[in-house]
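User: Please take a close look at the metal site of this model and at the parts of the chain around it. I would like one connected account that I can follow with the structure open.

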Amino acid sequence: MKPWARVDVPPLDVSIDIPAISLTNSKTGLKEIVPNKSLYRIYVCGITPYDATHLGHAATYLTFDLIIRLLQARGAQINYVQNITDIDDPLLERANRDGVDWKELAHSQIDLFTSDMVNLRVIPPTHYIGAVEAIPLVVEAIEKLEEKKSIYRIDQDLYFINSPESGFGELSQLTQSDMAVIFSERGGDPTLVGKINPLDCLVWMAQREGEPGWLSPFGIGRPGWHIECTAIAMQYLRPDEMQPELIDIQGGGSDLIFPHHEMCRSQAKTLTGKELAASYVHAGMIGLDGEKMSKSKGNLVLVSTLVNQGIDPMAIRYALMSSHYRSDRMWDDGVLSLAVEETQRLREALSKDQVHVTAGVITEIVSALADDLNTPQVIVSINNWVNLTLAGSSGGDAKVFANSLDSLLGLRF
Ligand code: ZN
């Protein structure tokens, strides 16, 4: 699939030293230094296109956009892969419920998602891969798992055995019983008769009546979700043989830690004997007015709705940065109106002939970002600079600061 439009990232104007970057690894729960490298391999799980981009999605992709900007500012190349689960149960259920063709639903939602990403100036992936186009890769991965005796059948469906040797459970650190509960809540089938381990996951689903299917050596059917990401990551990120892990970062929302990323990790370990990612990075969930934001509650705030209401996408981007990426947080009108107000003041300050000195604030922003993307601290630094500028302080160059905001934070005014 074609990625969305390229985002222009200007190089930093000033010769500023960017410190080593630390990110919290969900597997250890610790802030860890990202090793210095010339090329990073990053996989971020994409959407299932049956509802448009809500603020939770936007916050997740913004997180990895900021990481990529920072790594690039240090001179590194990035191979960034994102998938689109353009065939899966939720998509078919929604299409069925609304009486629309599943392909049309997927296309229309992918279009909406990509236009939201463009509006928010989120850096597109290097490779943007749909589940349907990845079917040959999934088939190949399942065949390899079969050779390793890690696949079994229940009727015509294929399941992957999550063995203890694959390190299953080490990412989420959940107990077996908690895993079974969450697995069930998130589309898994722990109580299905015939399973070797209740937490084994579906990798190939035989075609059901009235549903689409694709030819494979295992019969007509469609891929499971977890193996889709495992196969795409391994093909498009071309792991470095010399590195102990296959890729540098696997990312997504924190609701993907279990079961999705645990399953991908287990499959990759079984296939290669290696840890999937050096670091697992996850963005927190966003709620609305004190409640969890979810499709079932019908309280999703969509980026496209806000943009259609005339909200500046840069204010949405800024509002999402006002909380730390890892925190579960609430969204309400106050969060957005504060961001609108502060971005207006920032715009006003940037338009002044005389502005406060900029070297210090740029250093502060870089240091805060390098410290596990401390964007709330970034906002404090920006506001201090704006206050001093609007109070008449001078000695800086507005163009240099505007360029840095664009380069590091994707804020272009
Ligand atoms: Zn995924």
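Analyst: Cysteine 45 counts as buried because its relative accessibility is 3%, and the cut-off for buried is under 20%. This is a predicted model, and in it Cys45 gives its SG atom to the zinc ion. The other protein donors are Cys229, also through SG, and His260, through NE2, and the three lie 2.0 to 2.1 Å from the metal. Along the sequence the donor residues follow the spacing C-x183-C-x30-H. Cysteine 45 sits in the loop between strand S3 (39-44) and helix H1 (55-73), whereas cysteine 229 belongs to helix H6 (residues 225-236), so the pair ties together parts that are 184 residues apart in sequence. Cysteine 229 is buried as well, with a relative accessible area of 2%. The structure holds zero disulfides.

The loop of cysteine 45 has S3 on one side and H1 on the other, and both elements belong to a crossover. From S3 the chain passes through H1 to S4, and this β-α-β crossover is right-handed. S3 and S4 run parallel and are joined by six bridges. Within this pairing, arginine 41 stands opposite asparagine 79 in S4. Strand S4 (residues 77-84) is mostly covered, with seven of its eight residues buried. S4 also pairs with strand S5 (residues 127-130), again in parallel, through four bridges. There isoleucine 84 stands opposite glycine 130 in S5.

Helix H1 also holds aspartate 65. With a relative accessibility of 1%, aspartate 65 counts as buried. Leaving aside residues up to four places away in sequence, aspartate 65 touches Arg121, Val122, Ile123 and Arg317.

H1 is also one of the elements against which the buried residues of H12 pack. The others are helix H9 (313-321), helix H10 (333-350), strand S15 (355-356), helix H11 (359-370) and helix H13 (398-409). Helix H12 (residues 375-390) has 16 residues, and from its first C-alpha to its last it reaches 22 Å, close to the 22 Å expected at 1.5 Å a residue. Its buried residues include Val378, Ile379, Ile382, Trp385 and Val386, and among them are also Thr375, Ser381, Asn383 and Thr389. Just after H12, glycine 392 takes a positive phi of about 105°.

Back at the metal, the third donor is the histidine, His260. The stretch from residue 257 to residue 272 is helix H7, which together with S10 and S11 makes a right-handed β-α-β unit. The two strands of this unit, S10 (residues 245-253) and S11, run parallel and are joined by seven bridges. In this pair, glutamine 250 stands opposite tyrosine 280 in S11. Strand S11 (residues 275-283) is mostly covered, with eight of its nine residues buried.

Serine 172 makes contacts with this part of the chain. Serine 172 lies in the loop between strand S7 (157-160) and helix H5 (176-185), and at 15% relative accessibility it counts as buried. Not counting residues up to four places away in sequence, serine 172 touches Met179, Ile257, Phe258 and Glu262. Serine 172 and phenylalanine 258 are 86 residues apart in sequence, yet their C-alpha atoms are 6.1 Å apart in space.

Further along the chain there is a small addition to the picture. An open sheet of three strands has the order S13-S12-S14, with mixed pairing. Strand S13 (291-292) and strand S14 (329-331) stand at the edges with a single partner strand each, so one side of each is left without a neighbour in the sheet. Strand S12 (residues 286-288) runs parallel to S14, and three bridges join them. In this pairing isoleucine 286 has arginine 329 in S14 as its bridge partner.

Notes:
Residues are numbered from 1 along each chain as its sequence is written. This is a predicted model: local features need pLDDT of at least 70, side-chain atom pairs count only at pLDDT 80 or more; totals for chains, interfaces and linings use all residues. Side-chain values use heavy atoms; hydrogens and water are left out. Donors are N, O and S atoms within 2.8 Å of the metal (3.2 Å for Na, K and Ca); water is not among the atoms, so sites may look incomplete. Buried means under 20% relative accessible area, exposed over 50%, partly exposed in between (1.4 Å probe, protein chains only). Two strands pair if DSSP finds at least two bridges between them. A crossover is right-handed if, with the strands pointing away from the viewer, the path from the first strand over the helix to the second runs clockwise. The expected span of a helix is 1.5 Å times one less than its number of residues. Contact means heavy atoms within 4.5 Å. A disulfide is a pair of cysteine sulfur atoms within 2.5 Å.
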